[in-house]
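Reader: Hi! I'm new to reading protein structures. Could you take me through a single part of this one, slowly and with the terms explained?

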Amino acid sequence: MSMASEEVSQVDRPSSPPLTHGSAEEGVLQALSVIMDPDLGKNIVDCGFVHDLAIDLASGAVSLRLNLTTPACPVKDEFKRQAEEAVRALDWVRTAEVAITASPPAQVPGQGAEAAGKPGGLRGVRHIIAVSSCKGGVGKSTTAVNLAFTLAQMGARVGIFDADVYGPSLPTMISPESRVLAMDPETKAITPVDFEGVKAVSFGFAGQGSAIMRGAMVSGLIQQLLTTTEWGDLDYLVIDFPPGTGDIQLTLCQTCALSAAVIVTTPQRLAFIDVAKGIRMFARLAVPCVAVVENMSYFEVDGVRHRPFGQGAGEKIVEEFGLPHIFRFPIDPGLSSAGDEGLPLVVVDPTCPTSHTYAELGAAVVREVAKLERGSQAAISYDPASASFTVWLPGEAVFHLDAAEVRRNDTSARAIDEWSGGTGSPAPGLGPEAGVALAVTTLGNYAAQISWKDGANQVAAYDLLLRLPRLSDQALEERRQSNKAPVDLASVLAAASQHPPSAP
């Protein structure tokens with residue numbers, strides 16, 4: 001090859017455009033856009049996590065800040081690692097520094113703490129998590145305490161409220177230096193006790209022991225303790241609900257805006273009956289249940305798991321109500337003794353297998369609450385003219401369902417035998433109003449709450465809706481034109497009761 005042809009080749013070869021600050025910034029954002037948030041389903045750039053991007057072209061230094069929605073984000077370390085690797089992969093970058101911070105999404109203008117269901121001392125609390133069982137003796141308080149301290153270990157600011165006035169458990173399960181709640185004589189505000197960085201309030205810390213009083217007085221006392229306590233700025237407040245679905249539980253749900261609920265049960269079928277009542281209570285109040293905890297699920301001997309209380313209650317709850325997560329905890333003597341000694345297991349032995357499962361529970365709660373805060377990706381509406389539902393689910397084309405078919409497959413409200421725990425066919429005597437919906441709301445990302453005209457309430461899991469036969473656009477239009485809804489619903493239910501939707 002001659003020198004002349006080599007010079008021509010060098011002249012004709014296109015040169016790369018000079019690197020500018022704008023093109024460098026675009027390249028960094030493009031590199032970061034391959035990092036996906038596994039829960040929100042979008043990349044970290046589209047999620048709005050990237051802030052304070054600074055570029056020094058002369059030295060090849062890049063710095064930025066990832067501002068997440070919660071300091072307890074379970075993948076924050078992974079985000080930091082991936083972001084630094086993605087930026088360093090650019091050929092002009094020499095150093096990359098990524099800082100991690102967290103702050104809540106901007107509040108809707110005009111929506112104060114009172115309007116958001118955060119009265120009094122709750123105004124600085126971002127998320128309120130209910131831990132409920134509706135049945136005593138299933139390890140609910142143990143779950144609430146260990147969940148609270150797990151969230152704190154994940155980096156969140158956490159408080160815990162023991163709402164059981166008749167038998168407060170918190171004073172036994174934690175050991176704060178000061179065991180008496182203090183009240184400001186002027187403002188009457190209550191200062192919570194502190195243990196291992198977690199703020200705690202219980203009637204047992206009021207110096208009164210357990211209460212002997214009527215329900216109306218208890219409801220007022222709980223409301224006062226909850227709202228007059230100066231909780232300060234918290235990421236999560238865990239409420240240990242007392243057993244049952246009565247006035248006290250409704251007072252708690254109506255006093256503050258609950259972000260989500262964790263349901264605690266045991267493997268027995270009898271436990272399922274009471275837990276199902278609790279889930280329906282939360283559904284009527286539009287509180288999403290994000291996880292099921294099955295305590296005393298098994299014990300191990302020589303690597304073999306034994307299940308003395310049977311199995312199936314947890315799976316049944318997940319299947320019939322569409323809850324997204326289930327966590328099984330063993331019969332662990334260490335878990336029980338830690339609580340008796342006033343030291344939560346996740347504090348005493350944070351690396352043991354049981355503590356690891358609590359870490360998984362905490363991560364699941366954080367992820368589900370973050371998704372709920374961003375808004376449900378599902379929607380469902382009712383059309384009275386065609387007696388049908390229109391359903392929008394992530395990853396699915398919009399589809400339509402016959403309202404009578406949805407009601408017929410209401411597994412969450414079928415008659416339950418209180419003795420056997422078994423479910424039967426739908427209750428008899430359902431008339432035409434049984435297929436007419438009055439209201440429908442989404443319950444997070446797993447189910448819809450349907451209020452029927454005959455007074456029934458249904459928790460319709462999205463998994464169930466996906467399995468039901470669908471109405472075509474033509475059938476839907478014919479219904480609207482004729483304006484005829486199913487008339488004899490009772491006969492429809494009776495004829496089809498033996499043909500539930502097939503499993504996926």
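Author: **A close look at I129**

I129 is buried, because its relative accessible area is 0%; buried means under 20% relative accessible area, exposed over 50% and partly exposed in between, using a 1.4 Å probe and protein chains only. Before going on, please note that this is a predicted model, where local features need pLDDT of at least 70, side-chain atom pairs count only at pLDDT 80 or more, and totals for chains, interfaces and linings use all residues. Residues are numbered from 1 along each chain as its sequence is written, and side-chain values use heavy atoms, with hydrogens and water left out.

I129 sits in strand 4. Helices (H or I, at least four residues) and strands (E, at least two) are DSSP runs, numbered from the N terminus. Strand 4 covers residues 125-132, and eight of its eight residues are buried.

Now for the partners of this strand; two strands pair if DSSP finds at least two bridges between them. Strand 4 runs parallel to strand 10 (residues 234-240), with six bridges joining them. There, I129 has V238 as its bridge partner. These two residues are 109 residues apart in sequence, yet their C-alpha atoms are 4.8 Å apart in space. Strand 4 also runs parallel to strand 11 (residues 260-265), joined to it by four bridges, and in strand 11 the bridge partner of I129 is A260.

Finally, contacts, meaning heavy atoms within 4.5 Å. Not counting residues up to four places away in sequence, I129 touches several residues, including V238, A260, V365 and V369.
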